[in-house]
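Welcome to a short tour of this structure. Take a moment to look it over, and then we will walk through a few places together.

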Amino acid sequence: MMRSAIIIVMLLAAPLSRAQDAASLQRFDEGTTALIEGRFQDALGAFETVERSGWESDALYYNMALAHYRLDNLGQAIRFLEKARQLNEDDPRILHSLAIAGQRQADRFSTLPDPFWLSARAWLTDQVPIRTAFLIGILCWFGFAAAWLANVVGGVNGPGWQRGRSVGFVLGLVLITHAFASSIWPPHPDRYVILADVSQLREQASLEAAEVVEVHEGLIVDVRASAPAWYLVEIPNGTRGWVPSADLGDI
Amino acid sequence: MRGTGGLQVLIFVLGLLAPGTVLAQVDVHASVDATTIGTEESVSFTITIDGSDGSNVQVPQPPEADGLTLLQTIPRTQQSVSIVNGQMSRSFGYSWSYRPTAEGTARIGATTITVGNREYHTQPIQVQVVAQSQRPARSPRVDPFQALRSPFDPPAAEPAPEPDESDLFIRAVPTQRTAWQNEQVVIEYRLFFREGIQLRQSRLTDSWDAEGFWREELDVETRPIPRVTVENGLRYNTIVLKKAAVFPTRAGELTVDPLKIESEAMMPFGSRDPFRSLFAMQSRFSPIELASEKVTITSRPLPQGAPDAFNGAVGSYAMTVNPDKTTLEVGESLQLTVTVTGRGNLATMDAPSLSIPAAFDVYDPDVSTLLNRSGTRLSGSKTFRYILIPRTNGTFEIPPIEFVWFDPDAGRYRSSMSEPFPVVVTGTATSPLSVTATTNGMPVDDFAPAFTGDVSWQSSSSLLLHTRWWAWILLLTPLAAMGGAHFWRRYQDRLVRDPRWARGRRAHPLSRKHLKQAMELLQGGDTKGYFEEVERAVLGFIGNRLDVAEKGLTRPQLDALLAQRDVSAPLRSRLRSLLDLCDRGRFAPASFSPENKEDAFDDASSFIPDLDEELNP
């Protein structure tokens, strides 16, 4: 009885949810129209509605970046361009606009190269994304389990079966380990953007602490630790300092 | 450098043309033309009344003197008028000549002079009288027989007098000796020279330098009119040779080089014979070199805590911001004029930082500087003209523009901030305005156009893999299956390998099966079969649990076996009663009522778990 009730509720909710999604995505078109007409605040309002509804796309983030850029919010523009690049890293429009925004960014820090193991992990993650690795790993894992069950329950065995079980086990273990390790310890640390015009990196998480370096709107930083209302960030040249969380926007 | 007599006459005439000019402040001072004289020389004592034309001055009495004899009681008078920087000044003077009576220290006493209704007192002056042989050939006494000579006689050869440091010098006068970094300091170089000295062919010898300073020349009079001043009791004419505004570019002790000039000077000859003076003129100019002292300025660094918008300006400023329009079309230009006026180093001043909305193209400003060098300080204005071109339509706010400078007088930072103003841009901006594009079609200096058309959407849920429940389910399901299969395999193996264990595992299921069959037989009316199944359930359970062949056991053997397994006597008694009941039921089923029949089922159902519990303490 209960099962039937749940199924009925789901069947009734499905069209309603679809209608809500359609309404949200129509707001994207409204926002794009407003953006082209120069009503940037209106455009942002529409785009933010879509974003809150749980949808994302490179187009949504790019248009949000463009609206922010027109409103002279350089930090937000770079933030949404980076979000767009995460979804579509090869799009020339995104890359071009990122270069233009980067020219306006005031800070010119050298970039500290990553240790080779981080670079290797990042390369591996780029080549074998987490979900792909997990999917293939799970298939191998299930294959190994099926072969194992066939042997245990049905007594199916032989050299071919043994090799299949070994390959399935090793490949599944490697891929699943890679997927979970990359999920728990991402090769790229959390990246944030400085949204305040000027922000001070401080030695401690306090406004009274000594200043380490001054950074400007639009600088992308890596977050290394956090405290209430503060983040410990690392700027491209490796300098670390605490920044109020209000000055940052996540990518 | 020129002789001043002609100019004095000219200015005197100008002064007569403006008799109504009244000078408010009167200053009286006394001076002598030399503080060291020979025994055969005379000294001229002068009382100068600055700020008066002599009309309201009572003729003073000559002061008494020790060691000097007054040569005449009626004073000589002189009057001068000068206009400096548009301001006219007058002075009036009385002079007496004294002659020494002996070597030593002579003294001209104080005297009183009445100007209008007010009395002024002069200070006494000391004069050193030395032997005439110790004095240079200077200002020889007038030859009383000179008038008897023919005017066509050649002049007697006389040595040219040499000016010394007290006759002619340059003094550097800075407005201050300590300044903030980049604060304006004006240094005025004044030439002091005794009356009657004439200069010609003057020129700067070395390039004047001020390392560590930004410097700007200020205007000085091209035809300066000497001003009379008294230094150490001596009366000098002064003119300003040079005036410069210097700005320390760093903190520390900074030095301005001396100002050096070369010139030819002519000392007063002292003769009233025009012909003699005319013939002697050429030989009496002698070359001289003059230099001021160095000027040391202590530059202090600017205090900490400068606002972010501070870009180094020091002085006194004001800023104005003016757009030429606030409504325009897309692509039309807007000129934003930012003007900073005031006193300070305008030449090196940077433009205030602008924060123009990104919808505008902002071009580098056209900068023009207007400096006023004629005042006592360098001042002027600097204008930055920005051209803004909107790329797109909309209403934009030009945010406030802030200009911050350090006020050296107040010792703190000040700022001037413009008001924000809206700019309304009309027209259509369906495409970027850039006329040039990159090779891939992107605008050269702007974002790419907005994304339109088909959009590929996806859920923005950002939960990581290890936080997804289904990932763990997928991961653990094969493990659980393999674990289950493993234990099932072991179970099956033990069932085969360990019959006693297998019978024990089957005891309960079999007893439940027999009891269930017994109940079905009872409901079917088969009383005998019912009691047989109950007995089979109980004895079967005992046989399976103890792994014995229960069918071959007599009741005493069964009781002994249970006693051997530590089964309690009451439970064994219950077993005997139950088996007796089953025997009666099989052989005399008619003696049971329907309720009594079910008692056997209930007894068996409770006996089996009780026995199992005692066998597994």
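Let us begin where the two chains meet: 42 residues of chain A are in contact with 38 residues of chain B. The model is a predicted one. On chain A, the elements that each supply at least two residues to the side touching chain B are α1 (2-36), α2 (40-52), β1 (55-56), α3 (58-70), α5 (92-104), α7 (130-154) and α8 (159-184). Of these, α7(A) gives the largest share, with 10 residues. Sorted by class, this side of chain A holds 28 nonpolar residues, along with eight polar and six charged ones.

The chains also share strand pairing. β1(A) lines up with strand β33 (residues 458-459) of chain B, antiparallel and over two bridges. Here A:Trp55 has B:Ser459 in β33(B) as its bridge partner. In general, strands of a sheet pair through backbone hydrogen bonds, either parallel or antiparallel.

Within chain A, strand β5 (residues 220-227) is a good one to follow. Strand β2 (residues 191-194) of chain A runs antiparallel to β5(A), joined by three bridges. Strand β6 (residues 230-234) of chain A is also antiparallel to β5(A), with five bridges. β5(A) and β6(A) form a hairpin with two residues between the strands, and A:Ala229 there takes a positive phi near 70°.

Now for chain B. What is the strand order in its open sheet of four strands? The order is β2-β11-β8-β4 (chain B), and the pairing is mixed. β2 (36-38) and β4 (65-66) of chain B are the edge strands, each pairing on one side only. β4(B) runs antiparallel to strand β8 (residues 104-108) of chain B, and two bridges join them.

Here are some residues that face each other across paired strands:

| Residue | Opposite residue | Strand of the opposite residue |
|---|---|---|
| A:Val193 | A:Ile220 | β5(A) |
| A:Val223 | A:Val233 | β6(A) |
| B:Ala65 | B:Ile108 | β8(B) |

Our last stop is B:Leu562, which sits in helix α6 (residues 555-564) of chain B. Is B:Leu562 buried or exposed? B:Leu562 is buried, because 20 other C-beta atoms lie within 10 Å, and 20 or more is what being buried requires. Leaving out residues up to four places away in sequence, B:Leu562 touches B:Val567 and B:Arg572. B:Leu611 is 49 residues apart from B:Leu562 along the chain, and their C-alpha atoms are separated by 9.5 Å.

How values were computed
Residues numbered from 1 in each chain as written. Chains lettered and ligands numbered in written order. Predicted model: local features only at pLDDT ≥ 70, side-chain atom pairs only at ≥ 80, totals over all residues. Pairing = 2+ DSSP bridges. Buried ≥ 20, exposed ≤ 12 C-beta atoms within 10 Å, placed from the backbone. Contact = placed C-beta atoms within 7 Å. Nonpolar A, V, L, I, M, F, W, Y, C, P; charged D, E, K, R; others polar.
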